[in-house]
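I opened the model to make notes on it. The entries below follow the order in which I looked things up.

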Amino acid sequence: MSFRILGTGMYVPPKAVTNDDLAQIVETNDEWITKRVGVKERRISENEWTSEMGAKAAQAALADAGVKVEELDMILAASVSGETVSPSMATMIQHRIGATCPAMEINAACAAFLYLLETAAAFFALHKDYQKILVVGCERMSGILDWTDRSTCVIFGDGSGAAVLERGEGYLDSVLTVKGGDDVIKIPHFPGTSPFFDREQDSPYIHMKGQETFKYAVSAISSDITALLERNHLTIDDIAWIVPHQANVRIIDFASKRLGIDPAKMFVNIEKYGNTSSASVPIALHELKESGQLHRGDKIILCAFGGGLSNMACLIEY
Amino acid sequence: MVKDKIIEMLAESTDTDAAEITLDTKFSDLGIDSLDMTEMAMDLEDAFDIEFTPSPEITTVGKLVEAVEKLTGEA
């Protein structure tokens, strides 16, 4: 359709928190977390804001692509854990890296990086003079976790991932779905102190129903990948890699089983970083590329799902 | 039919002899956790064309068979 991925980059904070470290904070243990989630450790920000991490991934992606900041026509970013609602993380990153192009943020929770790609495709189609767009997912999930809730605080981590897109023909197809509702996953805002508003609000942390999330996620991955393959007259053998949102290794494994896909085709790095929401897909994509297992011309599928309930998958020729 | 299918699925997923699984068998004794239950629920949804989310009260094979039979109209 309208772009190819020119370069990728990532940044995770240096502080690694292991499952044993978490067992000192909440009642849990390494065996339980490893079996149920697949995470061994996660990186946690020590005094780095979300947009600072986003800017570092952005600079890494620009360096990888060999693109100067001045060449950017647009910056699109996503976050559910930014230090400010306004300015957006996109505009904060724009300022931090010294860019002057327009910048805006998209919220589609853990699926957001894919929605950034879709939006970038639309911008390339609308503005024929646009040549390069930077997309960034950046999260400080540790700031929106209830660190007394062992069912959620063991899952997530902090980090950022980015890609530089160049006008081209690599974005082949996409499927977007939003189911709606806040009963399965939500991150409420602080409701404010208005004397005219007294409705109750849950705490401003991640609330997630595990079993419902699991079912939704497995169904989303299965139906989105099936739809992309069928619509494009492809089989799984035509796909070099599937890069799923790193939410829970059990979700990825069970979706593979239901799809009849060799689990080895799914790129997984959740054991090192946990679920980094909108940053998980670009971090995984970057690590896949850096591992030397992704080659130009490979067809890959990215897929993600999260609050909204929003899911998306896209077919890319790398 | 529901009972046979559930025992067959449990035997396969836990690598247990089907003859050893009875209606009184507890999921905790088979090492089945809530995510395993969710996985099995999704497979049961496909097998019997039902919508099913297992509740925490379903702790034995018999209770699961009963819940699924209610949904399939076999009870």
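**Sheet of chain A**

I started with S6(A) and S7(A): 9 bridges join the two strands, which run antiparallel. The model is a predicted one, and I read every value as computed from it. For one pair in register I noted Val135(A), which stands opposite Ala163(A) in S7(A).

Next I looked up the neighbour of S6(A) on the S4 side. S4(A), residues 74-78, pairs with S6(A) in the parallel sense over 5 bridges. Here Ala78(A) has Gly137(A) of S6(A) as its bridge partner.

I then wrote down the whole sheet. It is open, has 5 strands in the order S1-S7-S6-S4-S5 of chain A, and its pairing is mixed. The edge strands are S1(A), residues 3-11, and S5(A), residues 103-105, each pairing on one side only. On average, neighbouring strands are turned by 20° against each other, direction ignored.

**Burial of S6(A)**

How many residues of S6(A) are buried? I counted 9 of the 9, so the strand is largely enclosed by the rest of the structure. In a regular strand the side chains alternate between the two faces of the sheet. I therefore checked the two faces separately, and both are covered. On one side Lys132(A), Leu134(A), Val136(A), Cys138(A) and Arg140(A) are buried. On the other side Ile133(A), Val135(A), Gly137(A) and Glu139(A) are buried too.

**Edge strand S1(A)**

I moved to the edge at S1(A). This strand is joined to S7(A), residues 158-167, by 8 bridges, and the two run antiparallel. Ile5(A) stands opposite Leu165(A) in S7(A), and Phe3(A) stands opposite Arg167(A).

Is S1(A) mostly covered or mostly open? It is mostly covered, with 8 of its 9 residues buried. I also looked for what packs on the sheet in this region. Helix H9(A), residues 280-290, touches S1, S6 and S7 of chain A. The direction of H9(A) makes about 100° with that of S1(A).

**Chain B**

I turned to chain B, which has 3 helices and 0 strands. Along the sequence its pattern is α-α-α. The radius of gyration is 11 Å, close to the 11 Å of the globule rule for 75 residues, so chain B is as compact as a globular protein of that length. The C-alpha trace spans about 25 × 25 × 20 Å along its principal axes. Of the 75 residues, 21% count as buried. Among contacts in chain B with a separation of 6 or more, 48% come from residues 24 or more positions apart.

**Helix H2(B) and the interface**

I took H2(B), residues 34-48, as the helix to follow up. It has 15 residues and reaches 20 Å from first to last C-alpha, close to the 21 Å expected at 1.5 Å a residue. After the helix comes Asp49(B), with a positive phi near 55°.

Which residues of H2(B) are buried? I listed Met37(B), Thr38(B), Glu39(B), Met40(B), Ala41(B) and Leu44(B). These pack against H6 and H7 of chain A, together with H1 and H3 of chain B.

That led me to the contact between the chains, where 8 residues of chain A are in contact with 7 residues of chain B. On the chain A side, H6 and H7 each supply at least two residues. The largest share, 5 residues, comes from H6(A). By class, I noted 3 nonpolar, 1 polar and 4 charged residues on that side.

Notes
Residues are numbered from 1 along each chain as its sequence is written. Chains are lettered from A and ligands numbered from 1 in the order in which they are written. This is a predicted model: local features need pLDDT of at least 70, side-chain atom pairs count only at pLDDT 80 or more; totals for chains, interfaces and linings use all residues. Helices (H or I, at least four residues) and strands (E, at least two) are DSSP runs, numbered from the N terminus. The expected span of a helix is 1.5 Å times one less than its number of residues. A residue is buried if 20 or more other C-beta atoms lie within 10 Å of its own, exposed if 12 or fewer, and partly exposed in between; C-beta atoms are placed from the backbone. Two residues are in contact if their C-beta atoms, placed from the backbone, lie within 7 Å. Ala, Val, Leu, Ile, Met, Phe, Trp, Tyr, Cys and Pro count as nonpolar, Asp, Glu, Lys and Arg as charged, and the others, Gly among them, as polar. Two strands pair if DSSP finds at least two bridges between them. Axes are lines fitted to C-alpha atoms, for helices over the stretch in contact, and angles run from 0 to 180 degrees between N-to-C directions. The radius of gyration is taken over C-alpha atoms; the globule rule is 2.2 Å times the number of residues to the power 0.38.
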